[in-house]
Amino acid sequence: MSVQEEVLEEVLTEKKEKDLNEIVVFNDDVNTFDHVVEMLMDACEHELLQAEQCTMLIHYKGKCAVKTGEYEDLQPRCTRLLEAGLSAEIQ
């Protein structure tokens with residue numbers, strides 16, 4: 001691989017990473033485990049196992065990045081989570 005190709009690859013990788021955001025869901029004392037799992041499956045299109053794993057991380061670590069992508073895709077998903085009573089934000 002030439003130096004020019006390596007530099008181009010680094011620039012493209014850096015640009016791609018900058019365009020991505022993530023939805024972070026925070027732990028609270030209000031929502032049940034099952035409700036969080038259901039909402040992750042609905043809003044983020046998680047499979048059951050992935051939703052359960054994210055919910056466990058939210059519970060024990062206090063937060064979890066549940067979806068990564070472009071802001072335009074994440075915004076309606078985050079709104080759906082917020083409307084369902086979850087504590088979430090796009091970072």
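This briefing describes the fold, the strands, the core and two helices of one protein chain. The model is predicted. Its chain contains four helices and three strands, arranged along the sequence in the pattern α-β-α-α-β-α-β. Of the 91 residues in the chain, 27% are buried.

**Overall fold**

- Among contacts with a separation of 6 or more, 66% link residues that lie 24 or more positions apart.
- The exposed surface of the chain amounts to about 6,400 Å², and carbon and sulfur atoms supply 51% of that area.

**Strand pairing**

- Strand 1 and strand 2 run antiparallel and are joined by six bridges.
- One of the residues involved is Phe 26, whose bridge partner in strand 2 is Lys 63.
- Strand 1 also pairs with strand 3, which covers residues 87-90; this pairing is antiparallel and has four bridges.
- Opposite Val 24 stands Glu 89, a residue of strand 3.

**The nonpolar core**

- In soluble globular proteins, nonpolar side chains tend to be buried together.
- The largest nonpolar core of this chain consists of 18 residues. Ile 23, Val 25, Leu 40, Val 66 and Leu 81 have the most contacts inside this core.
- At least two core residues come from each of strand 1 (21-26), helix 2 (33-43), helix 3 (48-61), strand 2 (63-69) and helix 4 (71-83).
- Helix 2 gives the most to the core, namely five residues.
- Which residues does Ile 23 contact, leaving aside its neighbours within four places in sequence? Its partners include Cys 64, Ala 65, Val 66 and Lys 67; Leu 74, Arg 77, Cys 78 and Leu 81 are also in contact with Ile 23, as are Ala 88, Glu 89 and Ile 90.

**Helix 2 and the loop after it**

- The buried residues of helix 2 include Val 36, Val 37, Met 39, Leu 40 and Ala 43. These residues lie on the same side of helix 2 because they cover an arc of only 165 degrees around the axis.
- The face turned away from the buried side carries Asp 34 and Glu 38, which are exposed.
- Strand 1, helix 3, strand 2 and helix 4 are among the elements that cover the buried residues of helix 2.
- Helix 2 is followed by Glu 45, which is placed in the loop between helix 2 and helix 3.
- Although Glu 45 is not a glycine, its phi is positive, at about 60 degrees.
- Is Glu 45 buried or exposed? A residue counts as exposed over 50% relative accessible area, and Glu 45, at 57% relative accessibility, is therefore exposed.

**Helix 4 and the residue after it**

- Helix 4 has 13 residues, which at 1.5 Å a residue should span 18 Å. The C-alpha atoms at its ends are 18 Å apart, in agreement with that expectation.
- Leu 74, Arg 77, Cys 78 and Leu 81 are buried in helix 4. Seen down the axis, the buried residues of helix 4 fall within an arc of 105 degrees, so they line one face of the helix.
- These buried residues pack against strand 1, helix 2, strand 2 and strand 3.
- Glu 72 and Glu 83, on the other side of helix 4, are exposed.
- Gly 85 follows helix 4 and has a positive phi, near 95 degrees.

Conventions:
Residues are numbered from 1 along each chain as its sequence is written. This is a predicted model: local features need pLDDT of at least 70, side-chain atom pairs count only at pLDDT 80 or more; totals for chains, interfaces and linings use all residues. Side-chain values use heavy atoms; hydrogens and water are left out. A nonpolar core is a set of buried Ala, Val, Leu, Ile, Met, Phe, Trp, Tyr and Cys residues joined through side-chain atoms within 4.5 Å. Buried means under 20% relative accessible area, exposed over 50%, partly exposed in between (1.4 Å probe, protein chains only). Contact means heavy atoms within 4.5 Å. Accessible areas come from the Shrake-Rupley method with a 1.4 Å probe; for residues, only the protein chains shown count as cover. Two strands pair if DSSP finds at least two bridges between them. The expected span of a helix is 1.5 Å times one less than its number of residues. The arc is that of the directions from the helix axis to the C-beta atoms.
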